[in-house]
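Subject: A structure for you to look at

Hello,

Here is the structure I promised to pass on to you. Please open it beside this email, so that you can follow along as you read.

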Amino acid sequence: SQVAGQKTKTCKDDSGKTFKVGKSYSSRCDVFTCTKVGKKYKFITSFNSTHCCKHDKNTYQEGDMFNSTKLNYTCSTRQLKCVNVSDFTKPAKVVEIYHHGVCCSYRHKARLENEYFDEFYNNTLLDRY
């Protein structure tokens, strides 16, 4: 736990490093800022919104991909990704990323390698397995 030094007007992190009032450090998506609260000095925790996203009560760092969903009857998947905005000058946001798989598709439905389907080429029916 973070400790505050009353006489020195500083806060100490878990590793023993001291921080003056107003100075802060980050750990994943949390920012710990040394603050005077009454007569004591302690770290106040805030969310690092320029480098992290919140989604469905979970926290993700910039670059994290999550919530992968396979789209029905296709080889495509949809994932969510936490991305930075304006070179970290604005809050990060969650965007949708689509991955189109490499599998055979017939009438826009996914088919496995060994599934039979009919294919027409130059008006001729081709048998494919």
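Let me begin with a small puzzle: does D87 count as buried or exposed? At 65% relative accessibility, D87 counts as exposed. Please keep in mind throughout that this is a predicted model.

D87 is a good place to start for another reason too. You will find D87 in the loop between β10 (76-85) and β11 (90-100). Its phi is positive, at about 55 degrees, although D87 is not a glycine. To see what makes that worth a look, remember that most residues other than glycine have a negative phi. R28 tells a similar story: R28 is not a glycine, yet has a positive phi of about 55 degrees. This residue sits in the loop between β4 and β5, and with a relative accessible area of 53%, R28 is exposed.

The sheet

Now turn to the strands on either side of that loop. β4, β5 and β6 make up an open sheet of 3 strands, in the order β4-β5-β6, and the pairing is antiparallel. The edges of the sheet are β4 (24-27) and β6 (40-47); each has a single partner strand, so one side of each is left without a neighbour in the sheet. On average, and ignoring direction, neighbouring strands here are turned by 30 degrees against each other.

Have a careful look at how β5 and β6 pair. Strand β5 covers residues 30-37, and 8 bridges join β5 to β6, with the two running antiparallel. If you would like some pairs to find on screen, try T35, whose bridge partner in β6 is K42, and then F32, which stands opposite T45 in β6. The two strands form a hairpin, with 2 residues between them. In that turn, G38 has a positive phi of about 65 degrees. While you are tracing these strands, one general point may help: in a regular strand the side chains alternate between the two faces of the sheet.

The cores

Which residues make up the largest nonpolar core? There are 7 of them: C11, F19, Y25, F32, C34, Y41 and F43. The elements that give two or more residues to this core are β5 and β6, the strands of the hairpin. A second core, separate from this one, has 6 residues, among them C53, Y60, C82 and A92.

The disulfides

How many disulfides does the structure hold? The number is 3, and we can take them one by one.

Let us start with C11 and C34, which are joined by a disulfide with an S to S distance of 2.1 Å. The link is right-handed, with 75 degrees about the S-S bond. Because C11 lies in strand β2 (residues 10-12) and C34 in strand β5, the pair ties together parts that are 23 residues apart in sequence. C11 counts as buried at 0% relative accessibility, and C34 counts as buried at 1%. You have already met both cysteines as members of the largest nonpolar core.

Another disulfide joins C29 to C52, with S to S at 2.1 Å. With -90 degrees about the S-S bond, the link of C29 and C52 is left-handed. The pair links distant parts of the chain, 23 residues apart: C29 is in the loop between β4 and β5, and C52 is in strand β7 (residues 52-55). C29 and C52 are both buried.

The remaining pair to look at is C53 and C82, where the S to S distance is 2.2 Å. The torsion about the S-S bond of C53 and C82 is about 85 degrees, so this disulfide is right-handed. Since C53 lies in strand β7 and C82 in strand β10, the pair ties together parts that are 29 residues apart in sequence. C53 is buried, with a relative accessible area of 3%, and C82 counts as buried at 0%. Both C53 and C82 belong to the second core.

If you want a route through the structure, you could begin at the exposed R28, follow the hairpin of β5 and β6, and then visit the 3 disulfides.

Enjoy exploring, and write back with any questions.

Best wishes

Definitions and conventions: Residues numbered from 1 in each chain as written. Predicted model: local features only at pLDDT ≥ 70, side-chain atom pairs only at ≥ 80, totals over all residues. Heavy atoms only, no water. Pairing = 2+ DSSP bridges. Helix = DSSP H or I, 4+ residues; strand = E, 2+ residues; numbered from the N terminus. Axes fitted to C-alpha atoms, helices over the stretch in contact; angles between N-to-C directions. Core = buried A, V, L, I, M, F, W, Y, C linked by side-chain atoms within 4.5 Å. Buried < 20%, exposed > 50% of the residue type's maximum accessible area, 1.4 Å probe, protein only. Disulfide = S-S within 2.5 Å.
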